[in-house]
Amino acid sequence: MSGAKKDILQWIESNQAQMIQFLQELVAIPSDNPPGDCYAIAEHIHKRLIDFQFENVQLLDVDEAKVKASGMIRVANVLSTTAFGEGEGPEISLNAHGDVVAPGMGWTYPPYGGEIVDGKLYGRGAAVSKSDIATYTFALMALRHVAEELSGKVSLAFTFDEETGGEIGPKWLLDRGYITPDMAIAAGFTHSIVNAHNGCLHLEIMVKGKSAHAAAPHTGFDAIHAMSAILHSLYDYRESLGKVKSAVPGIESPTLVVGLISGGINTNVVPDRCTIRLDRRLIPEECGEQAEKEIQQVVEQAIRHFEGIEVEVERILLANSFGPVHVEEPLIQTLGSNWREVMEGPLEIQGVPLYADARHFYEAGIPVVMFGAGPKTLLEANGHRADEHVLIDDLVKAAKIVALTLYDLLKK
C-alpha cells in the first residue's frame, strides 16, 4: 500500500470520533417519510458541510408542486462538488438518502437517540442510510491530504425521497444537470458490493358493485365477493412466481404482496366498493409493463362470471430494476480491490431484492454500485424495524474503502 493510501487510512482513524458525532446528529433529526418533511435535516447537512470546509455547497429547493405530487411536505437536495487538480478526469457521485421510515414501536433504545451500545450506534436511519451521509462525507475529506496527486471531481449528492421513489432526489439532480457523473456509488452495506436490485410495481385495484339492503342482497352487486375471487386468483398467481428464478446472485424470485384492503359501507349493506393495493417485486430479467399486463389478465379472468361488477386497475408506482452491472466494470474492480485491503474473507458481488435510488443512475447510463456502511443484510441491521443500528467498525471500514477507491479512480 502506498504512503498516500496509508495517510488516508490514518486520517480516517484519527477523525472517526467526529464522523460518529456527525452520524449521531443526523439520527437525532426526525426525517420520517411519510409524512416527508425533510427540510430540517437537509439544512443541517448543508450547514455541516460548510463547517467541514467543503466548497460549492448548495441547498437546492424542490418546487412545492413536485414535492406535494410525490406525497411529501418539504424537500431540498444538498449538493457539494469538490474538484481536484484542474478538474479533468472522472466525475464521481456519492449518493445517500436522509429520509427514513417512521420508527414504529418496540425500540430498546430511543429511535432518535444515536446511543452507542456494545459498538453499535442505534437509531432510525443509522444503517439506512444516514450512515452513508457520514461515510461519504468523511471519505471525501480524507482525500484533501493527498489532493495534489488527484484530478477529477467528486460530488456529494444527499437526497431525501428514497422512500417515495427518488424522483425528486437523484433523478431530479440528474435530469437538471446538477450532477453529470461518469460513475456513482449509492448507499449500501460494507460486507458486499451490490450490482443489481429488484424493481417494484404498485397497483391499486378497485372493484365497483351496487349497494343494497342486507335483507335483500340479490338486489345489489357485492364488490367484496368479487374482490375475494380476485384475491384468490392473485394468490394463485403469486405461487407461480416462485418458479421464476433470477440468474443474478442474491436475487431469487419475483414476489407479490397485497398490503392494503378497504371496502364496504356498513355491516347491513351490500358493499358497492372494495379496493386493494399490491406490491409486485420485479427481478432484473423482468419488464414492469409485462408484469402489469399479467396482473390485469388475472383480475379480468377472476371476475368474468360476476354480474354487475366493474373493475379498475391503476398504476401507483413503477420502479425499474437496476443492473446487473458487469463485475469487470472498473468501478467494481477498483472498489473490490480496496475492499480486500480493509476487509477479511471472500467478497460477494451480488444483487438485493429491495429497490433503491441506484436505479436512477443506471437508467441514465451511469455505472453505479451500492456500497456503504452496514452489515451483510438489511435484516441484520434491523433496517425498517425497531432497534436499527450500524456497527461503528463497519462505519469506519466503509469510509476507508470508499476513500481508497476514490483515490485510485482519481489518481493522475
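**Exercises on a predicted chain**

In this predicted model, the chain contains eleven helices and 17 strands.

**Exercise 1.** Determine how the radius of gyration of the chain stands against the globule rule for 412 residues.

*Solution.* The radius of gyration is 24 Å, and the globule rule gives 22 Å for 412 residues. Because the two values are close, the chain is as compact as a globular protein of that length. As a further description of the extent, the C-alpha atoms fill a box of roughly 85 × 40 × 40 Å along the principal axes.

**Exercise 2.** State what share of the residues is buried, and what part residues 24 or more positions apart play in the contacts.

*Solution.* Beginning with burial, 55% of the 412 residues of the chain count as buried. Turning to the contacts with a separation of 6 or more, 81% of them come from residues 24 or more positions apart. The accessible surface, finally, comes to about 17,600 Å², and carbon and sulfur atoms hold 50% of that area.

**Exercise 3.** Classify the aromatic pair of F52 and F138, and explain which parts of the chain the pair ties together.

*Solution.* The structure holds seven aromatic pairs, and one of them joins F52 and F138, with 5.4 Å centre to centre and 70° between the planes. An angle over 60 degrees counts as edge-to-face, and the pair of F52 and F138 is accordingly edge-to-face. The next step is to place the residues: F52 lies in the loop between α3 (39-51) and β1 (57-61), whereas F138 belongs to helix α5 (residues 130-142), so the pair ties together parts that are 86 residues apart in sequence. As for accessibility, F52 is buried with a relative accessible area of 4%, and F138 is likewise buried, with a relative accessible area of 1%.

**Exercise 4.** Classify the pair of W172 and Y178, and decide for each residue whether it is buried or partly exposed.

*Solution.* The ring centres of W172 and Y178 are 5.3 Å apart and their planes differ by 20°; since planes under 30 degrees apart count as stacked, this pair is stacked. With buried meaning under 20% relative accessible area, W172 at 6% counts as buried, while Y178 at 35% counts as partly exposed.

**Exercise 5.** Name the members of the aromatic cluster that includes F52 and F138, and identify the charged residue that sits over the ring of F54.

*Solution.* The cluster consists of W11, F22, F52 and F138. For the ring of F54, the residue sought is R144, whose charged end sits over that ring at 4.6 Å from its centre.

Notes:
Residues numbered from 1 in each chain as written. Predicted model: local features only at pLDDT ≥ 70, side-chain atom pairs only at ≥ 80, totals over all residues. Heavy atoms only, no water. Phe/Tyr/Trp six-rings, centres within 6.5 Å; stacked < 30°, edge-to-face > 60°. Helix = DSSP H or I, 4+ residues; strand = E, 2+ residues; numbered from the N terminus. Buried < 20%, exposed > 50% of the residue type's maximum accessible area, 1.4 Å probe, protein only. Lys NZ or Arg CZ within 6 Å of the ring centre and 35° of its normal. Rg over C-alpha atoms; globule rule 2.2 N^0.38 Å. Contact = heavy atoms within 4.5 Å. Areas by Shrake-Rupley, 256 points an atom, 1.4 Å probe, with all protein chains shown as cover.
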